[in-house]
Amino acid sequence: MVNEKVNIRDKHRKIKRLSIKFLILFGIIIILAGAYFLGFFHSKPPQITIEHPMRDIVFANTNEAGEVNGPAVVQQGIEEFNENYIIYLLVSLGVNNIHKSYVGYGDAEIDLIIDQETWSAIVSKGLSVSKQPSPDPDLIIRMSKQEAIMALISPNIKEYLKDSVNNGNTQLEQVSNKVELASKGYLKMYTALTGEVINIE
């Protein structure tokens with residue numbers, strides 16, 4: 001009889017130990033899954049650098065006294081608008097923080113509709129820009145070429161575009177849900193453009 005009680009006690013101890021080990025293992029898995037979701041185990045996407053696409057235009061429209069012909073710069077910028085303008089705008093807004101989703105949502109995709117021309121920017125292993133809509137954009141940015149040029153020649157592109165969004169000259173449409181945007185690293189860019197912080201609930 002004495003031996004039976006001892007055996008029962010030992011059995012409960014084993015179950016308790018297994019339960020504790022299981023809870024610890026489960027907690028570690030949850031922590032690792034959260035870290036994976038937030039991208040701690042992934043290398044940073046390659047950093048994109050580009051020369052200012054309007055540098056030569058500004059130099060060409062600057063006289064010997066160092067005065068810049070602003071309207072001529074804007075006009076020429078509109079006429080010569082190309083994918084380098086889009087890339088520079090996106091880099092200035094923080095596209096280097098954007099990456100492919102680590103939890104299965106796919107590549108980061110942004111559509112920019114500029115004077116009825118649709119440009120797509122897709123971030124996977126790098127940034128690719130083309131003059132066509134993306135199949136599944138996360139964000140859509142709408143503006144005129146003039147507004148894009150004014151942002152490019154402003155002293156602070158982020159601040160200019162934030163003001164442009166606030167006064168309605170630039171429209172920002174959130175297509176993907178908040179969790180997907182967070183998984184692709186959009187939060188800083190979204191906040192830079194709107195001043196709003198996306199809360200993941």
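# Strands, a buried helix and salt bridges

Colleague: Which residue in E3 is the bridge partner of Ser120?

Modeller: This is a predicted model, in which local features need pLDDT of at least 70, side-chain atom pairs count only at pLDDT 80 or more, and totals for chains, interfaces and linings use all residues. Residues are numbered from 1 along each chain as its sequence is written, and side-chain values use heavy atoms, with hydrogens and water left out. Strands (E, at least two residues) and helices (H or I, at least four) are DSSP runs, numbered from the N terminus. In E3, the bridge partner of Ser120 is Ser130.

Colleague: How many bridges join E2 to E3?

Modeller: Two strands pair if DSSP finds at least two bridges between them. Strand E2 covers residues 117–123 and runs antiparallel to E3. A hairpin of three residues connects E2 to E3. The number of bridges that join E2 to E3 is four.

Colleague: Which residues of E3 point to one face and are buried?

Modeller: In a regular strand, side chains alternate between the two faces of the sheet. Buried means under 20% relative accessible area, exposed over 50%, and partly exposed in between (1.4 Å probe, protein chains only). In E3 (residues 127–130), Ser128 and Ser130 point to the other face and are not buried. The buried residues, which point to one face, are Leu127 and Val129.

Colleague: How many of the 11 residues of H4 are buried?

Modeller: Helix H4 spans residues 83–93. Its buried residues include Tyr85, Ile86, Tyr88 and Leu93. H4 is largely enclosed by the rest of the structure, because its buried residues number eight.

Colleague: Which residue caps the N-terminal end of H4?

Modeller: Just after H4, Gly94 takes a positive phi of about 105 degrees. At the N-terminal end, a side-chain oxygen of the capping residue lies 2.8 Å from the backbone nitrogen of Asn84. The cap is Asn82.

Colleague: Which residues touch the most other members of the largest nonpolar core?

Modeller: A nonpolar core is a set of buried Ala, Val, Leu, Ile, Met, Phe, Trp, Tyr and Cys residues joined through side-chain atoms within 4.5 Å. The largest has 39 residues, and those that touch the most other members are Ile110, Leu112 and Met189.

Colleague: Which residue forms a salt bridge with Glu117?

Modeller: A salt bridge is a side-chain nitrogen of Lys or Arg within 4 Å of a carboxyl oxygen of Asp or Glu. Seven are found in the whole structure. For Glu117, the closest approach in its bridge is 3.2 Å, N to O, and the partner is Lys145.

Colleague: Why does this pair tie together separate parts, and how many residues apart are they in sequence?

Modeller: Glu117 is partly exposed at 21% relative accessible area, whereas Lys145 is buried at 13%. Because Glu117 lies in strand E2 and Lys145 in helix H5 (residues 145–152), the pair ties together parts whose separation in sequence, in residues, is 28.

Colleague: Is Lys184 buried or exposed?

Modeller: The side chain of Lys184 meets that of Glu180 in a salt bridge (2.9 Å, N to O). Glu180, at 10% relative accessibility, counts as buried. Lys184 has 1% relative accessibility, so it counts as buried.

Colleague: Which side chain makes a polar contact with the side chain of Ser176?

Modeller: Ser176 sits in the loop between strand E5 (171–174) and helix H7 (178–183), and is buried at 8% relative accessible area. A polar contact is a pair of N or O atoms within 3.5 Å; within protein, one must be able to donate a hydrogen and the other to accept it, and residues adjacent in sequence count only if both atoms are side-chain atoms. At 2.7 Å from Ser176, the side chain in question is that of Asp138.
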